[in-house]
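Q: Hey, I've got a new one open and I don't know my way around yet. Can you walk me through it?

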Amino acid sequence: MTVETQAPPMTLGDRMKAAPWEPTTTIIRVLEHTLALLALTQPMKPIFWPVMLGMYLWMCMSTGMYLHRIVSHRCLECSAPLRFFLTIGTALNLGGDPIRWAAVHRWHHVHSDTPNDVHTPVHGFHYAQGFWAHKLDAVMLEPMLNLVKDVHDYWLHRWFYNPNIYVLPHLLAIATFYTLWGWAGVLWCLYVPLVVLIHITHAVNSFGHMPRFGSRRYETRDTSTNVWWLALPTLGDAWHNNHHAHPGKAGHGETWWELDLNKAFIWAFEKVGLVRKVVW
Ligand SMILES: [Zn+2]
Ligand SMILES: [Zn+2]
C-alpha cells in the first residue's frame, strides 16, 4: 500500500518565484538599461553632472524617505507641497506607484526572509537584486493590497495607481530634457541616474539581507544587515538591520558615524515645518 503525502500549499513568495516573467516590467527595464547604455554614445556636457545628481537625489529621496519611511512605515507626516514633490519623484523612475510599493514592502516586513517574502535572497541573490520585480503582476499583488488600505488616502496615490497617469511625470521629464539638450540630455540626465537608482534600491533587498556583506546590531528574526558601503548611495536606507529592528523610527542610522542623509533631510525639513510628527 502506498501512502500519498500531500505537498504543503505554495506560499505567495514561492508562487511568484515560479511564475513566468511579466512582460511589461521586463520590456520597460530592458528599454531603460538600453537607453542608459546609449548615453555613452552621446556627448557629455558639464551641466549634466549637477542635473544627474539632482535627479538621483530627487528619485532616491522619493523612494527612501517618502515611499519607505513616510508611506510604508508612517514614521512622519509631511506637508502638502513636499508630499506632492516626492510623489512626483516616485513616478520619475517608474519604480512602482506608492500603493503598489507600500504593499510589497509591508508584505516584506511581515514575511521577511521566509519563503513567503517576495524579494528575499533566500530565493537567490539575482532574484532579490531585481528579478523578483519581473514576476510581480496584478494576481501576485492582490493579497498584498490588503495591507495598504490607508495608502489610498492621498489623491495622487490613487491617480498613480493607474499606469497611464503614473507614466506622465516620466514623459514630462523626457520632453523637458529633450527640449533643453536633445537626446543626449534625456539619456544622461534621466536614464543614467534612473538605472543606477534601480540597482542601488534593489541592493538593499539583496545585500541588505545577506549578513556576510555587513553587520547585525540586532538579532532580528530575519537576516537583515547593516551595509555601511551602501549607506551613502541609499541616503541611509542601508542601515537595514537597524530598520528591521525598529521599523517605526524615521532614522535608520543610529550612531553619529552611521551616515543617514534621509534622516538629516527629515531633521532639516522638521526645522522649517515641511514635516511633522516625526517618530525619532
Ligand atoms: Zn521598511
Ligand atoms: Zn528588509
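Q: Where does Leu94 lie?
A: Leu94 sits in the loop between helix H4 (80-92) and H5. Keep in mind that this is a predicted model.

Q: What's the phi of Leu94?
A: Leu94 has a positive phi of about 50 degrees, although it is not a glycine. Most residues other than glycine have a negative phi.

Q: And how exposed is Leu94?
A: Partly exposed, because Leu94 has 19 C-beta neighbours inside 10 Å. The buried label takes 20 or more.

Q: Which residue in the segment after strand S2 (275-276) has a positive phi too?
A: That's Lys277, found in the segment after strand S2. Lys277 isn't a glycine, and its phi is about 50 degrees. Lys277 has 11 C-beta neighbours inside 10 Å, so it counts as exposed.

Q: What about just after H12, which residue takes a positive phi there?
A: Gly273, with a phi of about 80 degrees.

Q: While we're there, which residues of H12 are buried?
A: Leu261, Asn262, Lys263 and Ile266 are buried in H12. The buried residues of that helix pack against H3 and S2.

Q: OK, zooming out. How many helices and strands does the chain have?
A: The chain has 12 helices and 2 strands. From the N terminus, the order starts with three helices, then comes a strand, then nine helices, and a strand ends the run.

Q: What's the radius of gyration, and why would I care?
A: The chain has 19 Å. A compact globule of 280 residues would have a radius of gyration near 19 Å, so the two agree. Along its principal axes, the C-alpha trace spans about 75 × 40 × 40 Å.

Q: How much of the chain counts as buried?
A: 40% of the 280 residues. As for contacts between residues at least 6 apart in sequence, 68% of them join residues at least 24 apart.

Q: What's the confidence like in the chain?
A: The average pLDDT is 94, and 97% of the residues score at least 70. Helix H1 (residues 12-18) is where confidence is lowest, at a mean of 89, and helix H11 (residues 240-245) is where it is highest, at 98.

Q: Now, helix H10 (residues 168-206). What does it span between its end C-alpha atoms?
A: H10 spans only 30 Å, whereas a straight helix of 39 residues would span 57 Å.

Q: Where's the kink in H10 centred?
A: On Trp181, and the kink is about 135 degrees.

Q: What does Trp188 in H10 touch?
A: Not counting residues up to four places away in sequence, Trp188 touches Ala39, Gln42, Met44, Phe48 and Met52. Trp188 counts as buried because it has 26 C-beta neighbours inside 10 Å.

Q: How far is Trp188 from Lys271?
A: They are 34 Å apart, C-alpha to C-alpha, and 83 residues apart in sequence.

Q: And Leu187, is it buried or exposed?
A: Leu187, also placed in helix H10, is buried, because it has 24 C-beta neighbours inside 10 Å. Its contacts beyond four places in sequence are Leu35, Leu38, Ala39, Gln42 and Val192. The C-alpha atoms of Leu187 and Ala39 are separated by 5.0 Å, with their positions 148 residues apart along the chain.

Q: Different topic: which residues touch the most other members of the largest nonpolar core?
A: Ala102 and Leu190, in a core of 57 residues. Helix H3 (48-72), helix H5 (98-110), helix H6 (125-128), H10 and helix H12 (261-271) each supply at least two residues of this core. H10 gives the largest share, 15 residues.

Q: What is Ala102 in contact with?
A: Leaving aside its neighbours within four places in sequence, Ala102 contacts Leu67, Val71, Ser72, Val148 and Val151.

Q: Last one: what's going on around Tyr56 in helix H3?
A: Tyr56 is buried, with 20 other C-beta atoms within 10 Å. Leaving aside neighbours within four places in sequence, Tyr56 is in contact with Pro193, Val196 and Leu197. The C-alpha atoms of Tyr56 and Asn93 are separated by 9.4 Å, and the two are 37 residues apart along the chain.

How values were computed. Residues are numbered from 1 along each chain as its sequence is written. Chains are lettered from A and ligands numbered from 1 in the order in which they are written. This is a predicted model: local features need pLDDT of at least 70, side-chain atom pairs count only at pLDDT 80 or more; totals for chains, interfaces and linings use all residues. pLDDT is the predictor's confidence in each residue, from 0 to 100. Helices (H or I, at least four residues) and strands (E, at least two) are DSSP runs, numbered from the N terminus. The radius of gyration is taken over C-alpha atoms; the globule rule is 2.2 Å times the number of residues to the power 0.38. A residue is buried if 20 or more other C-beta atoms lie within 10 Å of its own, exposed if 12 or fewer, and partly exposed in between; C-beta atoms are placed from the backbone. Two residues are in contact if their C-beta atoms, placed from the backbone, lie within 7 Å. The expected span of a helix is 1.5 Å times one less than its number of residues. The bend at a residue is the angle between axes fitted to the seven residues ending there and the seven starting there. A nonpolar core is a set of buried Ala, Val, Leu, Ile, Met, Phe, Trp, Tyr and Cys residues joined through C-beta atoms within 7 Å.
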